[in-house]
Amino acid sequence: MAFQKTAGKKAGDNTILAHTGHDPGSFHGFVNPPVVHASTVLFPDAKTAVGGSQKYTYGTHGTPTTDALCAALNEIENAAGTLLYPSGLASITMPWLAFLAPGDHILIVDSVYDPARRFADNVLTRMGVEVDYYHPALGLEVEKMFRPNTRIFHTEAPGSNTFEMQDIRALSELAHARGAIVSMDNTWATPLYFKPLDFGVDLSLNAATKYPSGHSDVLMGTASANARCFRQLEEHYTWTGMCAAPDDSYQILRGLRTMGVRLAHHQKSALAVALWLEERPEVSRVLHPALPSFPGHDIWKRDFTGASGLFSFVLKAEEGAFRARQHAFLDALDIFGIGYSWGGYESLAVPVNLSNRTVCTAPQDGPVIRLHIGLEDVEDLKADLEKGLAAAAAT
């Protein structure tokens, strides 16, 4: 039986995640879609081959497997359409290219995902696009940075590594009034805890590598668009030969089925660890939007329905001792792995380097360490972090 929403009532997140994307009735009753490996697709006759009436025409243009994942993402994003990219970074850079041309201007939040900054500084500038970065705390005063040729306004909330919040609805209205398209990296919250398109964003960009995958074994990015922008995004996608592998698409769809349950555990454990760290004398401050002490907490509480397992803290250190204490802390950990990416079942800790920022600069009260709280028991994680704090204090 196909999943049917109750008339007049929206199903809960976990119900939607468990049932959306694939209709078992469309494939012999199997609850999971087939994994279709495809390049060549045959046509019944020449007229069909040249007429464009057949649903599937070539492997890069979609398969039942990728369509199932896109349908599920459309449902949870409230999107007109979703496209799949081979990495989270590509889900930012390729949509930018779909809407930018030489002579255009892009405004990017200074707390942006750093690989996206490298793309902007080294690729967009080379193709004649003007790039500027704005402080995430600027609010509506960012209007003074818009130009007649500002084509894209890019935001990320919370911001990478330091987790600054932004009023996305107000900023989207401002950008649209100035004729710009709004893109947002929503990887931290996922569309379960924040739906950018409902707040005026045109392009909701996500690294499915993180929580949709959930197991640190798949690379994928997604871009979900409103009706205004999807056609141009899709045309560019087709022109550039972008596509996602069927096995990876299946794995991400499988990950979505349990994402709500996993996120709830990540959220609960991360908040417990963050509150514990706030009380530690070795810690200067904790950067987590769901903490009442965090400057952007009111915006998070108003607009978001949850928090994920990623946050940072500033380790207390005297000037000149930042790196030594940061490294001593990390090297003393056993359960926390030192590794990039996040969103999997395992806890991770990494040193944060903010030297590339232009206006939203690094804290002066100590080095920043980013934590991803996985699915382990909280007391074990606290004990591991305590070893790190003791090692840092002894340095």
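**Entry 1: F30**

I looked up the surroundings of F30 in this predicted model. Leaving aside residues up to four places away in sequence, I found that F30 touches H22 and P24. I then placed F30 in the chain: the residue sits in the loop that joins α1 to α2, the latter covering 46-51. I also checked F30 against Q267. In sequence, 237 residues separate F30 from Q267, and their C-alpha atoms are 33 Å apart in space.

**Entry 2: Overall fold and dimensions**

I counted the secondary structure elements of the protein and obtained 12 helices and 11 strands. I next asked how the radius of gyration compares with the globule rule for 395 residues. The radius is 22 Å and the rule gives 21 Å, which is close, so the protein is as compact as a globular protein of that length. Along the principal axes, I noted that the C-alpha atoms fill a box of roughly 75 × 50 × 40 Å.

**Entry 3: Domains**

I consulted the domain assignment, which gives domain 1 as 13-255 and domain 2 as 259-394. I recorded that 37 residues of domain 1 and 41 residues of domain 2 take part in the contact. The C-alpha centres of the two domains lie 27 Å apart.

**Entry 4: Buried area**

I looked up the area buried between domain 1 and domain 2 and noted about 3,400 Å². Carbon and sulfur atoms give 62% of this area. Which residues of domain 1 lose the most area to domain 2? I found them to be W188, Y193 and Y211, which together account for 26% of what the domain 1 side buries.

**Entry 5: Polar and charged pairs across the interface**

I searched the interface of domain 1 and domain 2 for salt bridges, and the rule finds two. I also examined E164 and R357, whose side chains meet in a salt bridge with an N to O distance of 3.8 Å. For polar contacts between domain 1 and domain 2, I recorded 20 residue pairs, with both residues at pLDDT 80 or more.

**Entry 6: The domain 1 side of the contact**

I listed the elements that each supply at least two residues of the side of domain 1 that touches domain 2: α1 (13-19), α5 (114-124), β3 (130-134) and α7 (190-193). Which element gives the most to this side? I found that α7 does, with three residues. Sorting the side of domain 1 that touches domain 2 by class, I obtained 16 nonpolar, 15 polar and six charged residues.

Key: Residues are numbered from 1 along each chain as its sequence is written. This is a predicted model: local features need pLDDT of at least 70, side-chain atom pairs count only at pLDDT 80 or more; totals for chains, interfaces and linings use all residues. Side-chain values use heavy atoms; hydrogens and water are left out. Domain bounds come from an automatic or database domain assignment. Contact means heavy atoms within 4.5 Å. Buried area is the accessible area (1.4 Å probe) that two parts lose on being put together, summed over both. A salt bridge is a side-chain nitrogen of Lys or Arg within 4 Å of a carboxyl oxygen of Asp or Glu. A polar contact is a pair of N or O atoms within 3.5 Å; within protein, one must be able to donate a hydrogen and the other to accept it, and residues adjacent in sequence count only if both atoms are side-chain atoms. Helices (H or I, at least four residues) and strands (E, at least two) are DSSP runs, numbered from the N terminus. Ala, Val, Leu, Ile, Met, Phe, Trp, Tyr, Cys and Pro count as nonpolar, Asp, Glu, Lys and Arg as charged, and the others, Gly among them, as polar. The radius of gyration is taken over C-alpha atoms; the globule rule is 2.2 Å times the number of residues to the power 0.38.
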